[in-house]
Number of protein chains: 2
Amino acid sequence: MEITPKLTDFKELETRYRANLINSLSGFKSACLVGSVNTKGVYNLAIFNSVFHIGANPPLMGIVFRPDNGQRHTLENIRKTEYFTINHIHESIIVQAHQTSAKYGEDLSEFDETGLTPDIGTLHPAPYVEESVIRIGLKLNDELPVIANGTIILIAEIVELFLPTECLDPDGTLNLSMAGTVAISGLDGYFRTEKICRLSYARPGKFSEVIG
Amino acid sequence: MEITPKLTDFKELETRYRANLINSLSGFKSACLVGSVNTKGVYNLAIFNSVFHIGANPPLMGIVFRPDNGQRHTLENIRKTEYFTINHIHESIIVQAHQTSAKYGEDLSEFDETGLTPDIGTLHPAPYVEESVIRIGLKLNDELPVIANGTIILIAEIVELFLPTECLDPDGTLNLSMAGTVAISGLDGYFRTEKICRLSYARPGKFSEVIG
């Protein structure tokens, strides 16, 4: 593929063009619905493409909250109630999941507005998405401010997990492609995936082998 | 799909099983090679699945560095030289890219060991990967410590960008599937992608439409 001459002056790009381009550069991103509840008991649901892995022991995940993305309801709810859920998005709920990014007032539940179904457990008050096949319950652990642009990174610990056992490899790896989990690129692009391979643990002197 | 009973006690899982499982929960992840140079001039290259988007203006990206992942050469190099590169991984360089995770001594270059080709620009000293079609040059901006597990999140600003123009949508969105960029799941699973659709900006009262 031919490579363009380098681009260095990002300030000169039109705002929306720059947002689309820069959002594409971090590669494929996770597609998750974040469920939370406010102090009046209204269930909030918001799509995020910024969930990432922090560590396995203790089991920790991170989420990036933009200062201006209209999703502050989720952040406020998590700060007040401490708990939230992460629910994977599969192909048949993409349109409903995307719709949760519309700016609804805080008294409206995105569950009602999109037709997705809240599912409440016994361990914490945050709603899961019944349609999702991989659902994770988390408790707030820390908040890291990104000084350069006002973004906030939340760190949270996994406290509860529901998943389809038929998608579990014997060594604990989840086959997300089999579970139907989609990937996001840029601001609004949804992708299905197909496994190429798993590769063995790499050691010097010899290339890894395909293990699944 | 049938959902298993909930899992809550992660401490009881075997270490490697837990690492595989928890690493799968954050959904699909980016597949990138990070290039850096040490003070002796040795070019370092390391695969990361933890690159994420922080913001478009200024253009910022984040990377998670595990305290124990054997990739401290990259972190030390970035701290000393301030610059590094992020290079997307496509299907034909997966085996070489994966091999950079083997523990080589600091005097060995992963470029030499894997056969990938360093490409040095004029703006900064960090090496790009000539085989990658999307290459990003970055400058260190900040370091955020995650207290809960000793992980470090680096924040960096994009200073230079090379990409294939035929993969650019008119509105600035990059079609990563067309560029061949792969996604990672878990610790060692590589996936190709296929675009389902792009969806229009969501507004209350009406579901979004397919725009590409």
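Begin by selecting A:F191 and then look across to β12(B), where the bridge partner of A:F191 is B:K195. Keep in mind throughout the tour that what you have open is a predicted model.

**The strands where the chains meet**

Now widen the selection to residues 189–198 in both chains, which is strand β12 in chain A and strand β12 in chain B; these two strands pair in the antiparallel sense, over nine bridges. Another place to check this pairing is A:G189, which stands opposite B:R198 in β12(B). In general, the strands of a sheet pair through backbone hydrogen bonds, and they do so either parallel or antiparallel.

Next, show the strands on either side of this pair, and you can follow an open sheet of six strands, with antiparallel pairing, in the order β1(A)-β11(A)-β12(A)-β12(B)-β11(B)-β1(B). At the edges stand β1 (29–30) of chain A and β1 (29–30) of chain B, and because each has a single partner strand, one side of each is left without a neighbour in the sheet.

**The symmetry of the two chains**

Colour the two chains separately and compare them as whole objects: chain B is superposed on chain A by a rotation of 180° with 0.0 Å of shift along the axis, and the RMSD is 0.0 Å. This is the relation of a two-fold axis. To find where the axis passes, select B:T193, which of the residues of chain B comes closest to the rotation axis, with its C-alpha at 2.2 Å. Both copies use the same surface, since 100% of the contact residues of chain B recur in chain A.

**The interface**

Select the residues of each chain that touch the other, and you should have 115 residues of chain B in contact with 115 residues of chain A. Between them, chain B and chain A bury about 9600 Å², and 64% of this area is on carbon and sulfur atoms.

How many salt bridges does the rule find across the interface of chain B and chain A? There are four of them, and one to select is formed by the side chains of B:R192 and A:E194, which meet at 3.2 Å, N to O. Across this interface there are also 38 residue pairs in polar contact, while the side of chain B that touches chain A is made up, by class, of 60 nonpolar, 34 polar and 21 charged residues.

**A salt bridge within chain A**

Over all chains the count of salt bridges comes to 18, so move now to A:R79 and A:E143, whose side chains meet in a salt bridge at 2.9 Å, N to O. This pair links distant parts of the chain, with A:R79 in helix α2 and A:E143 in strand β9 (residues 135–146) of chain A, 64 residues apart.

**Two loops with backbone features**

Where does A:P58 lie in chain A? Select this residue and you will find A:P58 in the loop between β4 (51–56) and β5 (59–65), joined to A:N57 by a cis peptide bond with omega of about 0°. Turning to chain B, you will find B:P58 in the loop between β4 (51–56) and β5 (59–65) of that chain, and the peptide bond from B:N57 to B:P58 is cis, with omega near 0°.

For the last stop, select A:E82 in the loop between α2 (72–81) and β6 (83–88) of chain A. Although A:E82 is not a glycine, this residue has a positive phi of about 75°.

Conventions: Residues are numbered from 1 along each chain as its sequence is written. Chains are lettered from A and ligands numbered from 1 in the order in which they are written. This is a predicted model: local features need pLDDT of at least 70, side-chain atom pairs count only at pLDDT 80 or more; totals for chains, interfaces and linings use all residues. Side-chain values use heavy atoms; hydrogens and water are left out. Copies are superposed by least squares on the C-alpha atoms of residues with pLDDT of at least 70 in both. Contact means heavy atoms within 4.5 Å. Buried area is the accessible area (1.4 Å probe) that two parts lose on being put together, summed over both. A salt bridge is a side-chain nitrogen of Lys or Arg within 4 Å of a carboxyl oxygen of Asp or Glu. A polar contact is a pair of N or O atoms within 3.5 Å; within protein, one must be able to donate a hydrogen and the other to accept it, and residues adjacent in sequence count only if both atoms are side-chain atoms. Ala, Val, Leu, Ile, Met, Phe, Trp, Tyr, Cys and Pro count as nonpolar, Asp, Glu, Lys and Arg as charged, and the others, Gly among them, as polar. Two strands pair if DSSP finds at least two bridges between them. Helices (H or I, at least four residues) and strands (E, at least two) are DSSP runs, numbered from the N terminus.
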